[in-house]
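Please work through the following exercises with the sequence and the model at hand. Each task is followed by a solution in steps.

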Amino acid sequence: MNLILFMVSVAGLLSLLFLVAYVWSVSAGQMDDLETPAHRILKNDSKIKVLQDNKGRSNE
Amino acid sequence: MTDCVYCHGTNSTSSQFCCQSCELLYAWFNDHKKPVPELNLSKWSHYQNSEIEAQFNLAEVASNFKRFKFHIEGLQCSSCVHLLEDLPVFEEKILKSKINFSKSLLEIEISNEMNLAELSSIIESLGYKPTVFKEISEYEDAIKQEELTELKKIGVAAVVAANEMLFAVPLYAGLKAELATVFKWISFVVFLPLLFYSASGFYKRAWSGLVTRRVSVDLMIVVALWGGFVLSTFSLATGREDLYFDSTASFIFLILSTRYLLKFHQNKFIKKDLFVDMFKDQVYEVIKKNRSVYKVFSEIEQGEKVKLQQGQFLAFGAKLLSDKCLTDISFLNGESLPHSYYVGDILQAGSRILSSSVELECVQISKDTQLSKTLNQIDMLAHDKNKYQTLTDVISHRLTVAVFSIAGLYFLLTYSDLGYEAFKRSLALITIACPCAVAFGTPLAHHLGVRKALKKGFLIKAENVFEKISRVKKVIFDKTGTLTSSELKMVRTFPVHLDEETKSIILALEKNSLHPVAIALKKEWSDFSPVKLKRSNEIVGRGVEGEYEGIEYQLIKNHDEQNLNVIQVDFRMNGVVKAYLFFEEILLPESRNVIADLYKKEFDVMLLSGDKRSRVLEIARQLAVRPAMVFSEQSFEDKANLVRQQNPCIFVGDGLNDLAALKQAEVSFAVRGPFEATLQVSDIYAPQKKLSAVVEIIQLAEKVQSTVNRNLLFAIFYNAVGGVLALMGFINPLVAAILMPISSLVITLHTVWRLK
């Protein structure tokens, strides 16, 4: 019985934690745009990195 | 249609790539050619002025960078995101770039060394159309806040529903004794945030429905929610077994989520002042004591001297100070040919300047112009148009009233015999017959339809458009710019063969002209070079003349063209006609197929135009449209009136000059035009000017509507059977609360399967 009650409270706490995390993410604007990140992930960035490195070096 | 070579996405262009970004990135990765933007600052010169730029700069005063927000037209695929977000990589002065693909917004930060003109030009050189805009309005801000609150409410409802399930399963499995009581009380406490927070929107809407004496679906949801809560709490307090917290919570969560999805789409199209919207990026050069000052349209005062560049729209009434000015007034009357104005003439707001640079004096400020008044009327009409009631609204409203009446009557009549059981059965009826399946099955079907349309490249603003299309059997087309392009084509000459010298002289006469006749001639005879004329000048409103080797030549538009279906131009040598040239408007290649497809679907097709009857009839002949269905010489207002009389109809027009007619139509379909303004007055907008979209959208609407009708039939049948069983006592509120989501699930799956 005690064990079940312990687990119930842990489950309750966990869901509360997720709820807080969710509310925070909504307020922080993570849900504003659900489409662009899916496009961003497809980026072929090896060449860009080289360019960025070159740019960094030239700035030094 | 082939896939794009770079991104492998659908490619509707004739090239190997679906957009310029793919082409540039392909060259960058394969041929090591870094995208180098070509700067064309002349078009954006007004943004070089620091006063103008400051109006759009969203960074705080005295920051060491500038921030701008653009609406970007032309976003196609992932490559567009990659290229635009990589701007800082190949342009050092660009510090940060972030794109919102779903809203087509680009937020960009640049160093103070760069200006807005350069930035706009860079974006344009990559193949996009950037429109910079000022800070977010309070209205948009409020909508965003509302969206955030909605999302939080859904989050809470999800957590509540999941936890209720967690505690309900052991109870269903037969958990007894002390632990069961603890679980039941936890269920009660967990339910409270949903009852008082997540469901608050339903209370507001149900109440406002009651205030306006309308029984809304929300009222039914509130009754089912509170009925379930009161009954469960009563059971909990009296030690009974009937707890409905879990099913009620899932029910509320489902409804909230589907409604959010719908709203998400609707809020994409925010209402704004049409006139401001149309001219917001027009900046004018005002000349004051030989000094140039830049002003936006609303600041220009009467009597001020303004210099306009080629392509600019006039946002105010003005008197021409330059000798001559060629203007495009198709926005005002739809006529495809340009008009010439001479010094002292009055130009109306909405005219577009075609000459390279002209000086004007403002005689009527923007808000007093006819154009501004017309656009205001359109805004007012938009309000009326939203009152349209869909079949689903009607059915769910009637169903709600009927269910409430039956449940109430049943309770009153049987309470003395059945007592507590009477309440349970009435509640079961309300829960099972709640028209939620209808209330979110239809929006879901519409939502999926809208998404499908979006994938094909056209935007649908009003979701009820599918239902409206299914009731319409008439399509009215605007001729100019919709079925035909605004260009002319030379179809024949008389005599058939003209010698080389004649062609060269004609080309020389038209050398400096921007008239469509001149453009068509230059295109047709691109192999010939013009001779050098001794002098050449324009004959007011008629044509051009010039002298070559002592002979006087004239190219004159033949005004006696009432009975001709083409435009005739006479070539005269010393006053004697030597040749005739005939021009025709170019019919878009897809027009014929579209009209033929519409006839196959048994639609009536009508043609509207601002042009002369003979010319419109010729187009009608080519398209096999009956002369009785052709209306010519129609002005801005005539078109709107005619469309109103012909309702219900689909009006297909060009967003530039048909705004009023688009507004009047039962279903309005714009094939191009200024993005936001067009979107506000039209139900459907195909910015890529694909006319075939008309047929595609009709087919899509048929599919969506048949899905909705099947859903409605199913829901009515289900509710009738379920309702009778509930009243007979075969279904208790728990079973009802399980059956209700099942019916919703069936409807949802059916909808998704049909419209995937």
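**Exercise 1. Classify Pro193(B) as buried, partly exposed or exposed, and describe its surroundings.**

Solution.
- Step 1. The model is a predicted one, and in it Pro193(B) has a relative accessible area of 35%.
- Step 2. Buried requires a value under 20% and exposed a value over 50%. Pro193(B), at 35%, is therefore partly exposed.
- Step 3. Pro193(B) belongs to helix α7 of chain B.
- Step 4. When residues up to four places away in sequence are left out, Pro193(B) touches Val156(B), Val160(B) and Ser198(B).
- Step 5. Val159(B) stands 34 residues from Pro193(B) in sequence, with a C-alpha to C-alpha distance of 9.9 Å.

**Exercise 2. Determine how many residues of each chain take part in the contact between chain B and chain A, and describe the interface.**

Solution.
- Step 1. On the side of chain B, 34 residues are in contact with 27 residues of chain A.
- Step 2. The two chains bury about 2,800 Å² between them, and 66% of this area is on carbon and sulfur atoms. Within chain B, the residues that lose the most area to chain A are Phe29(B), His82(B) and Val89(B), which together account for 19% of what that side buries.
- Step 3. One salt bridge is found across the interface of chain B and chain A. A salt bridge is formed by Arg40(A) and Glu85(B), whose closest N and O atoms are 2.7 Å apart.
- Step 4. Nine residue pairs are in polar contact between chain B and chain A. The elements giving two or more residues to the side of chain B that touches chain A include α1 (20-30), α3 (78-85), α6 (138-172) and α7 (177-198) of chain B. Of the elements on that side, α6(B) gives the most, with ten residues.

**Exercise 3. State how many helices and strands chain B and chain A have, and what share of each chain is buried.**

Solution.
- Step 1. Chain B has 26 helices and 26 strands, while chain A has three helices and zero strands.
- Step 2. Read from the N terminus, the order of elements in chain A is α-α-α.
- Step 3. Of the 756 residues in chain B, 54% are buried; of the 60 residues in chain A, 17% are buried.
- Step 4. For chain B, take the contacts between residues at least 6 apart in sequence: 66% of them join residues at least 24 apart.

**Exercise 4. Identify the geometry of the aromatic pair Tyr284(B) and Phe316(B), and locate both residues.**

Solution.
- Step 1. Over all chains, the count is 20 aromatic pairs. In the pair of Tyr284(B) and Phe316(B), the ring centres are 5.4 Å apart and the planes meet at 70 degrees.
- Step 2. Planes over 60 degrees apart count as edge-to-face, so the pair of Tyr284(B) and Phe316(B), at 70 degrees, is edge-to-face.
- Step 3. Tyr284(B) is in strand β5 (residues 283-288) of chain B, whereas Phe316(B) is in the loop between β7 (305-309) and β8 (317-320) of chain B; the pair links distant parts of the chain, 32 residues apart.
- Step 4. Tyr284(B) has a relative accessible area of 0% and is buried. Phe316(B), also at 0%, counts as buried.

**Exercise 5. Find which rings have the charged end of Lys473(B) or Arg492(B) over them, and list the members of the aromatic cluster in chain B.**

Solution.
- Step 1. The charged end of Lys473(B) is placed over the ring of Phe603(B), at 4.4 Å from the ring centre.
- Step 2. The charged end of Arg492(B) is placed over the ring of Phe582(B), at 4.5 Å from the ring centre.
- Step 3. One aromatic cluster consists of Trp185(B), Phe188(B), Phe191(B), Phe196(B), Tyr203(B), Trp226(B), Phe229(B) and Phe245(B).

**Exercise 6. Describe the backbone at Pro495(B), Glu549(B), Asn574(B) and His32(B).**

Solution.
- Step 1. The peptide bond between Phe494(B) and Pro495(B) is cis, with omega about -5 degrees. Pro495(B) lies in the loop between β16 (484-494) and α18 (500-509) of chain B.
- Step 2. Glu549(B), a residue other than glycine, has a positive phi near 50 degrees. Its loop runs between β18 (543-548) and β19 (551-557) of chain B, and at 62% relative accessibility Glu549(B) counts as exposed.
- Step 3. Asn574(B), likewise not a glycine, has a positive phi of about 50 degrees; Asn574(B) is in the loop between β20 (567-573) and β21 (576-587) of chain B.
- Step 4. His32(B), just after α1(B), has a positive phi of about 55 degrees.

Note on methods
Residues numbered from 1 in each chain as written. Chains lettered and ligands numbered in written order. Predicted model: local features only at pLDDT ≥ 70, side-chain atom pairs only at ≥ 80, totals over all residues. Heavy atoms only, no water. Phe/Tyr/Trp six-rings, centres within 6.5 Å; stacked < 30°, edge-to-face > 60°. Helix = DSSP H or I, 4+ residues; strand = E, 2+ residues; numbered from the N terminus. Buried < 20%, exposed > 50% of the residue type's maximum accessible area, 1.4 Å probe, protein only. Lys NZ or Arg CZ within 6 Å of the ring centre and 35° of its normal. Contact = heavy atoms within 4.5 Å. Buried area = accessible area lost by both parts, 1.4 Å probe. Salt bridge = Lys/Arg side-chain N within 4 Å of Asp/Glu carboxyl O. Polar contact = N/O pair within 3.5 Å; in protein donor to acceptor, adjacent residues only side chain to side chain.
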